[in-house]
2 protein chains.
Amino acid sequence: MLKQTEITTIRDFNRNYTKLLGILNRRVLETPLSWTEGRVILEISFNHDKTPIEIANNLGLDKSYTSRILNRFEKHGLLTKTPSVTDSRSIELQLTDKGSTLVHELDERSDQQIRDLLAALNDNQIKQFYQAITVLDQLLFEKAVD
Amino acid sequence: MLKQTEITTIRDFNRNYTKLLGILNRRVLETPLSWTEGRVILEISFNHDKTPIEIANNLGLDKSYTSRILNRFEKHGLLTKTPSVTDSRSIELQLTDKGSTLVHELDERSDQQIRDLLAALNDNQIKQFYQAITVLDQLLFEKAVD
DNA sequence: GCACTTTAGTGGACAAAGTCCACTATATTA
DNA sequence: TAATATAGTGGACTTTGTCCACTAAAGTGC
């Protein structure tokens, strides 16, 4: 099926690509947030997660760890907690204006990360890149038919 | 150049892809080594690094941190250190048989990671995947001409 | 040769990130 | 109603990584 040289090519690409993204991510992270904190606040914003447990589950984090992160967010005025009306063991999270502003900033930096990634390419190459990404996305994440 | 929707597609792909690789990596990491330790021992083996400072530089690690990792490796019989003949401040590293065996095991697990990645795809899809990876690799890492 | 600066490796002290466990208070199930 | 499961929290801990200072050996300019 796959030759050893092809596996090696894919492995090398994966290593190089994740490394490159990691380097570009440093710019995204030039914020008060750590990598995981960034994922958490984006998860709250983007997926409209309402409770700590959802976030912990969706991101695969320890619930205790998540709890502490959310406490820090609250302390820094990024979100507010209100008791859940449907389950009084639970809590609902709302981003404050400050929190939303930060999310917006992270979002723009992430967009910039992509532009940086492609900065050295010309229009035709960017088109090729996008098409290749689309192929991978469909194959891995969208269960495209043959 | 890039539409916002395209940027979002790329961002989503990057997030999903790194997440998926991270999950598959857990299997690779079912060894006595942490992620960074794995990178270090592979670097010693693959790039034939001979000195701690080369490893620290190549992997972007703190030299103190690297020193401690290498000490652990020595303690666990994965490598031996010999004084450099050309620079007596420095040290040359050699993997022991045990170290080489571990590298081989990591290598096989990494290959298996790729197979797992593509496990749900049929032959034609695997071919498409490989071609797309090749395109990305050339565009990002091989400075291919237009 | 001799002062000066740089470099390789190490360890102490610390910070950041993440895990594990126990606990309380609710909710769910039988 | 009794037993069990779940949400959230905090204490204690480990792992991971950073920063700084130090020694000993090179390298550099003269």
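A residue is near a molecule or strand if one of its heavy atoms lies within 4 Å of it. Keep that cut-off in mind for the DNA views below.

This is a predicted model, where local features need pLDDT of at least 70, side-chain atom pairs count only at pLDDT 80 or more, and totals for chains, interfaces and linings use all residues. Residues are numbered from 1 along each chain as its sequence is written, chains are lettered from A and ligands numbered from 1 in the order in which they are written, and side-chain values use heavy atoms, with hydrogens and water left out.

**View 1. DNA strand D and the residues around it.**
Start with the 21 residues that surround DNA strand D, where the closest are Ile53(A), Ser64(A), Arg68(A), Tyr65(B) and Ser88(B). What share of the strand D atoms within 4 Å of the protein belongs to sugar or phosphate? It's 59%, and the rest belong to bases. Sorted by class, the surface near this strand has four nonpolar, nine polar and eight charged residues (Ala, Val, Leu, Ile, Met, Phe, Trp, Tyr, Cys and Pro count as nonpolar, Asp, Glu, Lys and Arg as charged, and the others, Gly among them, as polar). Helix H3 (52–59) and H4 of chain A, along with H4 of chain B, each supply at least two residues here. H4(A) gives the most, with five residues. (Helices are DSSP runs of H or I with at least four residues, numbered from the N terminus.)

**View 2. Polar contacts with DNA strand D.**
Now zoom in on some atom pairs. A polar contact is a pair of N or O atoms within 3.5 Å; within protein, one must be able to donate a hydrogen and the other to accept it, and residues adjacent in sequence count only if both atoms are side-chain atoms. In the side chain of Arg89(A), an N or O atom sits 2.7 Å from a base oxygen of DNA strand D. Ser64(B) has a polar side-chain atom 3.2 Å from a base nitrogen of the strand. Ser90(A) goes for the backbone of the DNA: one of its polar side-chain atoms is 2.8 Å from a phosphate oxygen of DNA strand D.

**View 3. DNA strand C and its neighbours.**
Around DNA strand C there are 21 residues, and Tyr65(A), Ser88(A), Ile53(B), Arg68(B) and Arg89(B) come nearest. Of the strand C atoms within 4 Å of the protein, 60% belong to sugar or phosphate and the rest to bases. Look for Ser64(A), whose side chain has an N or O atom 3.2 Å from a base nitrogen of DNA strand C. Two phosphate contacts are worth finding too: Ser67(B) has a polar side-chain atom 2.9 Å from a phosphate oxygen, while Ile91(B) has a polar backbone atom 3.1 Å from a phosphate oxygen. Which helix gives the most to the surface near DNA strand C? That's H4(B), with five residues.

**View 4. Where chain B meets chain A.**
Here 44 residues of chain B are in contact with 44 residues of chain A (contact means heavy atoms within 4.5 Å). The area buried between the two chains is about 4,600 Å², and carbon and sulfur atoms give 70% of that. (Buried area is the accessible area, found with a 1.4 Å probe, that two parts lose on being put together, summed over both.) On the chain B side, Arg11(B), Phe13(B) and Leu139(B) lose the most area to chain A, together 14% of what that side buries.

**View 5. Salt bridges between the chains.**
A salt bridge is a side-chain nitrogen of Lys or Arg within 4 Å of a carboxyl oxygen of Asp or Glu. How many link chain B and chain A? There are four. In one of them, Asp111(A) pairs with Arg11(B), with the closest N and O atoms 2.9 Å apart. Arg11(A), Asp107(B) and Asp111(B) are joined in a network of salt bridges.

**View 6. Salt bridges along a helix.**
In chain A, Asp12(A) and Arg15(A) meet in a salt bridge (2.6 Å, N to O). Both lie in helix H1 (residues 4–28), three residues apart, about one turn of the helix. Asp12(A) is partly exposed at 28% relative accessibility, and so is Arg15(A) at 46% (buried means under 20% relative accessible area, exposed over 50%, partly exposed in between, with a 1.4 Å probe and protein chains only). Glu105(A) forms a salt bridge with Arg109(A), at 3.1 Å between the closest N and O atoms.
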